[in-house]
Amino acid sequence: MWKKVLFFGNNAKRYVWRKSNTAHHPEYTIPTVKHRGGSIMVWACFSSAGTGKMVKIDGKMDGAKYRTILEENLMESAKDLRLGRRFVFQQDNDPKHKANSTMEWFKNKHIQVLEWPSLYINDLPSVCTGSEVQMYADDTVIYVHAKSKQQAAQELTTVMVQVTKWLSDSCLHLNVKKTVCMFFTKRATDATEPDVYVSGEKLQVVSDFKYLGIILDSNLSFKKHVKKVIQITKFNLANFRFIRNCLTTKVAKLYFKSMILPHLTYCLTSWAQACCTTLKPIQSVYKQALKVLDRKPNSHHHCHILRKHELLSWENLVQYTDACLVFKILNGLAPPPLNIFVKQKTQTYGSRSTRSAMRGDCIVPLRKSTFSKSAFSVRASHVWNTLPSDTHNCTTYHTFTKCLKTWLKVNQICEHGP
């Protein structure tokens, strides 16, 4: 939430997203009236409290004229908006705005100027010492590793003290009502959860939370997420079954790939770690969708449908998504935080490299428990190491996916025999 921050801007230009060689298309131009057309330039400001003054600018804007506008309108606008004397002013890096004489004017008036662009989110990880930070758009996750919930709660409370200070220095305020805390563990623990505090206020501790479309639970069982996926997919499947006889095979495959598969495979690399019992209903829904696609009864073997329409089985679909993400990580196409989960072998003996390193195999982390063995870093590395060298050496993502699908289809085994 922005507090006591005053923004300034003018309407010198307008920007649009367009394709190349379409600059003069009517939808990308601003119409004018012949002989009596034109435009005006204005100075205006606003804050969370409302809008300030708007001033028409006559002639060419220069540093002297800009400082005159500030002298006559800035302080009065701040007064009208009841920002007090200690407000923060933000402007862009136009040479008139960053001129030494202009910055000296701000200094003499004791007005704090916010740097442009303002580094509110990007420098947050450097503030949170002793913890890890993951950010996506305006969602921020701060997490720590500890041997007990009590220790984790203490470390999080300490980190939130640093975050609170950073927010205060940046003229920001944390909405505690929209901030929650969650403890992840596979061990049986007490039902009571320790408290985490922010500025004396206790954060709400939840057992599950929806983050970026995935429902995370404290045991990482993904049962609630799988249930939600099945609910959405079954609704689309019922519609598919109702209209299937009216669709051609081409349109039916389009519906299958746009309304069924995206829900089943969204972030599959994350929740495929769930146990077989949890994932079994997902496989059942996938098989039902295949039979609806080919207009076959439930008793029909889905393996024949896979061969007919050149589709992947559920097991191969999981391997396909894992291998695609590994390729993106190894080739710099995935978000940087994912790089820690996949590492290629570089070990050498003397002056000769090992055969697996030359093939481009990945290091498979050593894990003991069944749950940890099903993690993406282990599961996906195993899948990658089984791929042929020609697939490893693909230079583009499009070529890789094509080779990968071909290899998986060739090695796809029918579960029901001949």
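I took a helix to be a DSSP run (H or I) of at least four residues, numbered from the N terminus. The model I examined is a predicted one.

**Entry 1: Thr269**

I looked up Thr269 and found it in helix H8, which covers residues 268-271. I then asked whether Thr269 is buried or exposed. Its relative accessibility is 18%, and buried means under 20%, so I recorded Thr269 as buried. Next I listed its contacts, leaving aside residues up to four places away in sequence. Thr269 touches Thr321, Asp322 and Leu325, and also Phe376 and Arg379.

**Entry 2: Salt bridges**

I asked how many salt bridges the structure holds. The count is nine. As general background, I noted that side chains of opposite charge can pair when their charged atoms come close. I followed up some of the pairs below.

**Entry 3: Glu76 and Lys53**

I found a salt bridge between Glu76 and Lys53, with 3.1 Å between the closest N and O atoms. This pair joins distant parts of the chain, as Glu76 belongs to helix H1 (residues 63-80) and Lys53 to strand S3 (residues 50-57), 23 residues apart. I checked the accessibility of each partner. Glu76 has a relative accessibility of 38%, so I entered Glu76 as partly exposed. Lys53 is at 29% and therefore also counts as partly exposed.

**Entry 4: Lys149 and Glu193**

I noted that Lys149 forms a salt bridge with Glu193, and that their closest N and O atoms are 3.0 Å apart. Here too the pair links distant parts of the chain, with the two positions 44 residues apart in numbering. Lys149 lies in helix H5 (residues 149-169), whereas Glu193 sits in the loop between strand S8 (180-181) and strand S9 (197-198). I asked which accessibility class each partner falls into. Lys149 is buried because its relative accessible area is 13%. Glu193, at 34%, is partly exposed.

**Entry 5: Asp294, Lys296 and Lys308**

I examined Asp294 and Lys296, whose side chains meet in a salt bridge at 2.8 Å, N to O. Asp294 has a relative accessibility of 9%, so I recorded Asp294 as buried. Lys296 has a relative accessible area of 29% and is therefore partly exposed. I then asked which residues are linked with Asp294 in a network of salt bridges. They are Lys296 and Lys308.

Definitions and conventions:
Residues numbered from 1 in each chain as written. Predicted model: local features only at pLDDT ≥ 70, side-chain atom pairs only at ≥ 80, totals over all residues. Heavy atoms only, no water. Buried < 20%, exposed > 50% of the residue type's maximum accessible area, 1.4 Å probe, protein only. Contact = heavy atoms within 4.5 Å. Salt bridge = Lys/Arg side-chain N within 4 Å of Asp/Glu carboxyl O.
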